[in-house]
Amino acid sequence: MLNTSQTICHTNMLKPQANHHHTKCPQSLLTGQHKVVVVAAGDGITRGVDSRSATVAPTVRFLSLKNHRLPIKLNLGFHATRPSHQIMAIATDKSSPTTTTSTKVKAIITVQVTMGGLLSSIGITKGLDDLTDLLGKSILLELVAADVDHETGLAKDTIKHYAHRSTKLNETKYEADFEVPIDFGEIGAILIENEHHKEMYIESIDLQGFPNGIITINPNSWVHSKFDNPEKRIFFTNKSYLPSQTPSGLKDLREKDLASLRGDGVPDGPRKKHDRIYDYDVYNDLGDPDKKPELARPVLGTKDLPYPRRCKTGRHRTKSDPLSESRSSGVYVPRDEAFSELKNVTFSAKTVYSLMHAVLPSIRTNMLDKELPFPHFKSIDSLFNKGLHLPHLETKGFIGNAMPRLLKFVEDTQRNVLLFETPASLHRDKFSWLKDSEFCRQTLAGLNPCGIQLVKEWPLKSILDPEVYGPPESAITKEMVEQVIGGLMPLEQALEQKKLFIIDYHDLLMPYVNKVREIKDMRTTLYGSRLLMFLTPSGTLRPIAIELVRPPGNGKPQWKQAFTPAWDSTGAWLWKLAKMHFLAHDTGIHQLVSHWLRTHACTEPYIIATNRQLSAMHPIYRLLHPHFRYTMEINALARESLINSAGIIETCFSPGKYSIEMSSVAYGLLWRFDQQGLPADLISRGLAEEDPYSPHGLKLAIEDYPYANDGLVLWDAIKGWLQASQIMSVLDVLSTHSPDEEYMGQKMEPSFELEPKIKTAYEVFAGRLKELEDIIDARNADPNLKNRHGVGIPPYQLLKPFSKPGVTGMGVPNSISI
């Protein structure tokens with residue numbers, strides 16, 4: 001037998017490869033005429049090769065002296081012969097200089113620790129996985145070369161090694177030691193096989209020992225157990241490549257990873273929790289016809305009811321309707337799109353469901369009349385100052401966790417009290433909501449500042465079919481307008497000078513007015529509505545009229561009436577009631593269209609497309625990915641308990657069971673991709689026009705428009721950051737998974753710090769966001785800006801980039817997650 005120490009301890013001994021250190025070597029078995037070439041295979045296996053032939057000598061396996069005794073037996077035929085073109089370590093006579101043939105590399109894998117401090121998610125306390133860790137076979141790692149073998153054109157063999165759990169206290173890490181041959185080249189990716197019986201979340205992998213420093217890979221990903229799926233996970237290094245620039249050794253892996261994300265070859269059927277498949281489907285899972293026929297809902301995403309696509313779950317169709325998908329206790333999203341443990345505890349569907357069923361009945365029992373939840377204004381005030389007395393709740397602990405930003409839960413020795421956070425406007429002025437000035441100011445600086453438009457044509461008309469909906473002309477007349485604006489200017493001059501603005505929900509709501517009025521189990525009503533306003537010389541808006549319209553139906557002709565501000569008792573109350581109807585419509589449109597449709601639903605197809613078409617190493621993928629965090633999960637939860645049949649939206653919003661169907665109509669009428677950017681949106685609504693001499697290249701139709709003023713500063717900052725990020729397509733850029741911070745620009749991602757140009761660009765971006773905070777504060781203190789400054793008016797802080805926890809009315813989230 002060939003003694004291992006005799007092989008490695010010649011004049012040119014292979015210290016890095018063998019990891020052994022002997023002070024004295026026995027006489028060599030080799031001579032100057034008969035050399036043995038030791039091929040470094042890189043996976044802990046070396047081979048002795050006769051230098052005079054291509055035959056492979058018996059294999060010698062070098063293992064740590066800590067675990068094995070020498071001599072080590074020969075292992076014949078354990079691996080196939082590697083090509084002879086590799087750089088080889090040659091044992092020669094004493095006159096030959098020392099040759100370094102490989103590099104010792106240590107891989108340190110960091111896995112996520114749960115809130116309890118244990119790796120419960122990977123079952124560390126389970127017997128089988130405990131034994132796996134004890135044997136040092138927790139994770140199988142394979143290092144992948146970025147380039148193929150230049151002589152054969154084939155991919156180089158990977159370097160494999162098992163990682164064992166670190167024994168350091170208070171650390172959850174795994175370590176593996178590699179011998180990387182010099183000719184292996186640059187590391188391009190790592191393959192991972194999870195040997196546990198449960199999934200594990202891998203945060204980062206550090207490869208230490210390379211001459212140029214540590215190589216960091218940031219998976220930030222769940223890795224399934226090999227017992228659930230034998231396919232190894234692929235994680236690329238942080239270098240970004242366009243498809244045409246992909247190194248030769250990574251091209252196949254790039255396509256293989258995308259095929260896995262697309263689910264190529266995976267049979268149809270319910271998706272499993274550990275799956276990572278991104279595929280499209282229509283919204284056919286909102287109804288529950290198998291439970292009750294009246295819970296059936298139409299499919300959204302058809303020619304008649306267009307809608308964005310959502311993620312395919314693969315659930316079976318319902319028995320009652322072959323077009324509808326059956327419902328289940330949970331909704332599938334690709335594994336890495338799911339909430340983190342902390343967010344899941346805070347916002348799980350089960351928690352919200354429990355909250356609604358424990359708290360809402362208590363709220364109802366505290367009202368004087370179940371048919372009229374708010375019999376008088378004091379009932380509303382009591383929500384904020386006195387609170388509601390709740391019975392003892394066995395599960396009350398979840399209340400503080402589930403709704404920390406909406407409710408305050410106060411407990412003393414005698415009673416439990418539920419308090420709502422007081423809105424900032426009510427805190428400053430209890431009756432501000434009754435004032436016309438605040439009513440109009442909210443259209444520019446409220447929660448829905450995206451509905452206001454410039455009036456470009458007169459008279460106001462509907463484009464709906466008059467045979468179905470009645471005469472198209474508006475009830476708001478020229479005489480009515482000129483009477484309200486007090487003779488400041490005639491109607492024609494107001495149009496020419498761009499002084500008339502409108503929020504028009506008439507055509508969107510009219511098709512559903514009669515349908516909503518026929519709902520028998522819900523006290524609700526609906527009108528087609530529009531609000532007309534005038535821009536005063538002081539820069540504020542004054543309401544001119546609110547029009548409410550009911551189409552023909554049930555043998556009745558069309559009814560419509562325009563209400564104007566009045567000073568007599570009856571007229572004043574009719575005006576207040578008209579405002580309430582319009583505000584109810586505006587609130588519904590804001591939540592159903594501006595928030596749910598335009599923000600959540602319209603983003604999901606882009607998340608699916610990004611993961612199906614762009615590799616994780618694509619620079620555009622790495623730019624977008626942090627901003628997709630949690631969106632698919634929150635959307636899935638919405639389909640489960642918010643926008644579903646008999647869900648929260650249908651029971652609380654005036655359109656009732658037609659709420660989401662109505663958002664489909666809005667999608668078909670209003671949504672255009674090229675108008676989603678802020679400048680294009682403002683121009684399309686007539687609120688701005690291009691002007692190279694104005695700030696941000698736009699001249700606003702309403703100079704004191706807080707949403708547009710602050711939003712354009714933020715838009716320019718983001719645009720500057722994105723332009724700087726185009727460097728990513730030609731430079732090696734480091735990027736991680738979605739960041740831990742909640743607000744945009746608050747903390748630089750660690751990967752950006754490693755690329756000087758990207759780091760500088762991000763610092764400029766973050767600096768501009770901090771400047772925006774100061775700009776907003778200065779604007780809020782300017783008495784000339786009456787839409788954001790004045791007695792009883794809260795400062796406009798919605799687009800302040802940063803925020804503390806709680807109900808602050810500020811902060812720009814890094815992703816759509818709520």
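**Exercise 1.** Find the bridge partner of Ile503 in strand 21, and then place strand 20 among its neighbours.

*Solution.* In strand 21, Ile503 has Leu531 as its bridge partner. Strand 21 covers residues 528-535 and runs antiparallel to strand 20, to which 5 bridges join it; strands here are DSSP runs (E, at least two residues) and helices are DSSP runs (H or I, at least four residues), numbered from the N terminus, and two strands pair if DSSP finds at least two bridges between them. Strand 20 also pairs with strand 19 (residues 453-454), again in the antiparallel sense, over 2 bridges, and Gln453 has Ile502 of strand 20 as its bridge partner. Because 4 of the 5 residues of strand 20 (residues 500-504) are buried, the strand is largely enclosed by the rest of the structure; buried means under 20% relative accessible area, exposed over 50%, and partly exposed in between, with a 1.4 Å probe and protein chains only.

This is a predicted model, in which local features need pLDDT of at least 70, side-chain atom pairs count only at pLDDT 80 or more, and totals for chains, interfaces and linings use all residues. Residues are numbered from 1 along each chain as its sequence is written, and side-chain values use heavy atoms, with hydrogens and water left out.

**Exercise 2.** Decide how far helix 10 is covered, and name its buried residues.

*Solution.* Helix 10 spans residues 436-445 and is mostly covered, since 7 of its 10 residues are buried. These buried residues are Glu438, Phe439, Cys440, Arg441, Thr443, Leu444 and Ala445.

**Exercise 3.** Locate Leu577 and classify its accessibility.

*Solution.* Leu577 lies in helix 15 (residues 569-601), and its relative accessibility of 43% means that Leu577 counts as partly exposed.
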